[in-house]
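Reader: I'm new to this one. Could you pick a single part and walk me through it slowly?

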Amino acid sequence: MQLAEVLKLKLNTDPDMDKAFENTSYQYMLACDYISRYVFEHEFQINSAALSKELYRDLRSKFLLKSQMAQSAVRTVTAGYKTVNTQLQKEPYRFQADGKWYSVQRDMRWLTKSLEFHRPQADLVRNRDYSFVHEGREISINTLGRRVICPFTVPDCMKKFLDGSWHFGTAKLVCMKNIWYLHISATKEVPDFTRDDVKQVVGIDRGLRFLETVYDSSHHTSFESGNQILLKRNSFDRVRAQLQAKGTKSAKRTLKRISGRENRWMSDVNHRLSKALVNKYGSGTLYVLEDLEDVSTNEQNFKSAGQTHDLRNWAFYDLETKLTYKAHETGSEVLKVDAHYTSQRCPHCGRICKENRHHNTHIYVCDRCGFQTNDDRVGAMNIWLLGTLWASGTDNPAFTAEAPA
């Protein structure tokens with residue numbers, strides 16, 4: 001199994017380096033925008049080799065990109081279009097006609113304009129556009145003019161990447177608040193996690209009222225309240241609505257700044273949640289999550305427009321990603337299971353009945369055996385059970401209305 005993370009280096013630059021990096025990243029951005037428009041105007045040709053053959057000379061002459069950077073710009077744009085195409089295919093266009101709901105598959109042809117590149121940055125290939133020099137104390141970075149030898153600072157939490165066990169790949173040169181950073185992709189091979197490695201199973205139900213409800217093999221349940229999170233997000237929403245109503249240039253700049261602040265805050269919340277879990281349970285833990293890919297994009301699963309907005313805007317995938325790489329680092333694994341009936345099934349007798357869950361009181365009461373508990377706890381218990389079924393040998397554990405587990 002391969003761990004994949006990002007090493008973030010702070011570059012200690014001087015004015016000449018700043019100017020060189022600024023010019024390189026700006027021209028790279030313009031080149032990506034140029035390629036993107038070409039792709040949009042030529043029936044979404046996203047074959048990197050064909051695009052490079054067609055646009056290579058223009059990228060060299062118009063934007064002064066060096067050979068490797070020209071190739072990287074093409075790959076940056078094609079990767080962006082492929083990502084958008086995947087996202088469109090995952091979320092079909094839904095419409096209602098004659099009292100019925102219909103679904104139409106989407107692809108890149110649904111785009112009304114080309115992908116736009118607004119942020120100056122540049123992708124750099126290791127040992128071609130960047131390399132570590134002077135026994136790893138400095139880094140050599142290629143620019144449109146000359147190579148720059150730049151000292152850097154590594155945060156304490158990222159010094160593990162420099163122990164020689166990680167393999168470095170493509171890096172991204174970015175500027176944030178007038179400080180230059182190099183974000184380097186890093187991979188490391190670790191042993192695969194198998195059923196024999198499972199020491200304990202932890203079921204995690206994600207939501208808004210409780211960010212996570214956790215049920216473990218000791219039959220202990222813990223809740224992480226989401227009330228303060230919702231209040232802060234609602235505050236962001238109110239400020240955003242006021243700025244959008246103004247529509248001035250100043251308001252748009254503030255909107256961009258607030259968006260970045262909110263994203264960083266959400267990422268920090270998920271980082272702390274995932275870190276607390278791996279620190280608590282340690283190695284050999286199977287963390288079990290519901291597969292929310294189809295659930296979270298289906299309007300019929302939402303109770304109100306407000307819930308639709310909240311669920312779609314909270315970073316559930318970000319929490320899953322952070323928990324996954326932290327689990328892999330500690331010799332654990334994250335398993336996604338079928339979400340159907342996990343909130344409707346009685347953990348004691350297996351009865352599946354939608355009406356047993358009372359949303360107003362957040363209580364689950366089984367009409368067959370009388371089992372009663374918090375409705376989010378029921379979800380976590382059922383998710384935990386699916387994880388134990390996987391650990392015991394069931395490849396795709398799931399609950400069905402006809403034959404509940």
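Author: Sure, let's start at a hairpin: strand 8 and strand 9 form it, with two residues between them. In that turn sits K177, which has a positive phi of about 55 degrees. A quick word on what you're looking at: this is a predicted model, where local features need pLDDT of at least 70 and side-chain atom pairs count only at pLDDT 80 or more, while totals for chains, interfaces and linings use all residues. Residues are numbered from 1 along each chain as its sequence is written, and side-chain values use heavy atoms, leaving out hydrogens and water.

Strands here are DSSP runs of E, at least two residues, numbered from the N terminus, and two of them pair if DSSP finds at least two bridges between them. Strand 8 covers residues 167-176 and runs antiparallel to strand 9, with eight bridges joining them. On its other listed pairing, strand 9 (residues 179-189) is antiparallel to strand 1 (residues 2-11), and nine bridges hook those two together. Now find T187 in strand 9: H167 stands opposite T187, and T187 is also the bridge partner of A4.

What about disulfides, meaning a pair of cysteine sulfur atoms within 2.5 Å? The whole structure has zero. Take C157: its closest cysteine sulfur, in C150, is 19 Å off, so that's too far for a bond. C346 is in no disulfide either, with the sulfur of C369 the nearest at 3.6 Å. As for accessibility, buried means under 20% relative accessible area, exposed over 50%, and partly exposed in between (1.4 Å probe, protein chains only). C157 counts as exposed because its relative accessibility is 60%, whereas C346, at 0%, counts as buried.

Notes. Helix = DSSP H or I, 4+ residues; strand = E, 2+ residues; numbered from the N terminus. Disulfide = S-S within 2.5 Å.
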